[in-house]
Amino acid sequence: MIELERINTFYGLGHILHDLSLRVGESEVVALLGRNGAGKTTTLRSITGLTPPRTGAIRYKGRDIAGLDAHHVSRLGIALVPETRDIFSYLSAKENLSIAARAGSRWNMENVLERFPSLKTRLNNKGRELSGGEQQMLAIARALLTGPDLLLLDEPSQGLAPLVVNAVMSTIDELKKERVSMLLVEQNAEMALRLADRVYVIDHGTVVFEGTPAALRADRQVTTTYLGVGG
Ligand SMILES: Nc1ncnc2c1ncn2[C@@H]1O[C@H](COP(=O)(O)OP(=O)(O)OP(=O)(O)O)[C@@H](O)[C@H]1O
Ligand SMILES: [Mg+2]
């Protein structure tokens, strides 16, 4: 589905990603973990064209998309749910959704709202009137309306109460059952490991672990050094 091959990404002079390689297969859920500043968001920005890599390849459905602008990448079927959620505060929930909707998507306003019943009752509320959990659901719903084949989620559990985290987790799990390919960035390693088929841990912009969730759990050295969770 997508393969990043030795990408190097910079912010100005700051060299952030160093020969980073990873891949997400068809219908696979892959977790990308790492501590603060490891380069997780930068990896997603590299894929979506917001901060294109200076060198390396990003192959998606057989073509190199590295350096394409964000709009183009989105039209090829890659949707980002950003860390900051980026809900328009002064538009209603419904307007936030309708501006994302794209013809040809398997998700439309109707079936997306069936999936997120809590949003259904909030459609006329402004973005800024929604709770953190509702904004997160809205951000995921909006991404689905663009008709993605690959969904990139940047810390969907961030700042949410435990019950809401569970709701977000079940949403991701349902999408997984529908065989949506996902790259899931999380600081909440526990949540990510329960959902993922495979996992990468990155540090200082480079991959330091690649394997199954079970293999990561068993690797005390990696979990204590890079994830700050004691074995
Ligand atoms: N716009 C920017 N300009 C310069 N440096 C940046 C910029 N954004 C991020 N960085 C730096 O790039 C590095 C990687 O940041 P990135 O946001 O990718 O990390 P992250 O793994 O997503 O961290 P977090 O868990 O805090 O979200 C950090 O050292 C950060 O300070
Ligand atoms: Mg980040």
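This passage walks through the sheets, the ligand shell, the nonpolar core and one helix residue of a predicted model.

One open sheet is built from 4 strands in the order β2-β1-β4-β5, with antiparallel pairing. The edge positions go to β2 and β5 (63–64), and each of these has a single partner strand, so one side of each is left without a neighbour in the sheet. At the β5 end, strand β4 (residues 55–60) runs antiparallel to β5 and is joined to it by 2 bridges. One pairing here is that of arginine 59, whose bridge partner in β5 is aspartate 64.

Helix α1 lies across β1 (2–11), β2 and β4, and its angle to β2 is about 75°. How much of α1 is covered? The helix is mostly covered, with 9 of its 9 residues buried. The buried set takes in the nonpolar residues Leu44 and Ile47, and it also holds Lys40, Arg45, Ser46 and the threonines Thr41, Thr42, Thr43 and Thr48. Just after α1 comes glycine 49, which takes a positive phi of about 90°.

The same helix turns up again around ligand 1. The shell there counts 13 residues, of which Tyr11, Gly37, Lys40, Thr41 and Thr42 come nearest. Two elements, β2 (14–24) and α1 (40–48), give two or more residues to this shell. Of the elements, α1 gives the most, with 3 residues. By type, the shell around ligand 1 splits into 8 polar, 3 nonpolar and 2 charged residues.

Elsewhere, strand β9 (residues 198–203) pairs with two strands in opposite senses. With strand β3 (residues 29–33), β9 runs parallel, and 4 bridges join the two. Within that pairing, valine 30 has arginine 198 of β9 as its bridge partner. With strand β10 (residues 206–211), β9 runs antiparallel, this time through 5 bridges. Isoleucine 202 is bridged to valine 207 in β10. The hairpin of β9 and β10 has 2 residues between the strands, and histidine 204 in this hairpin takes a positive phi near 45°.

Valine 30 is also a busy spot in the packing. The largest nonpolar core has 63 residues, and those that touch the most other members are Val30, Leu151, Leu152 and Leu184. Helix α6 (residues 132–145) supplies the largest share of this core, 8 residues. Which residues does valine 30 contact, leaving aside its neighbours within four places in sequence? The list runs through Val24, then Leu183 and Leu184, and then Ala196, Asp197, Arg198, Val199 and Tyr200. Arg198 thus appears both as a contact of valine 30 and as its bridge partner in β9.

Leucine 193 sits in helix α8 (residues 189–195). Is this residue buried or partly exposed? Leucine 193 counts as partly exposed because it has 19 C-beta neighbours inside 10 Å, while a residue needs 20 or more to be buried. Not counting residues up to four places away in sequence, leucine 193 touches Ala31, Val199, Pro213, Leu216 and Arg217. Val199 is also among the contacts of valine 30. Between leucine 193 and arginine 35 there are 15 Å in space, C-alpha to C-alpha, against a separation of 158 residues in sequence.

Terms used:
Residues numbered from 1 in each chain as written. Chains lettered and ligands numbered in written order. Predicted model: local features only at pLDDT ≥ 70, side-chain atom pairs only at ≥ 80, totals over all residues. Pairing = 2+ DSSP bridges. Near = placed C-beta within 6 Å. Core = buried A, V, L, I, M, F, W, Y, C linked by C-beta atoms within 7 Å. Buried ≥ 20, exposed ≤ 12 C-beta atoms within 10 Å, placed from the backbone. Contact = placed C-beta atoms within 7 Å. Axes fitted to C-alpha atoms, helices over the stretch in contact; angles between N-to-C directions.
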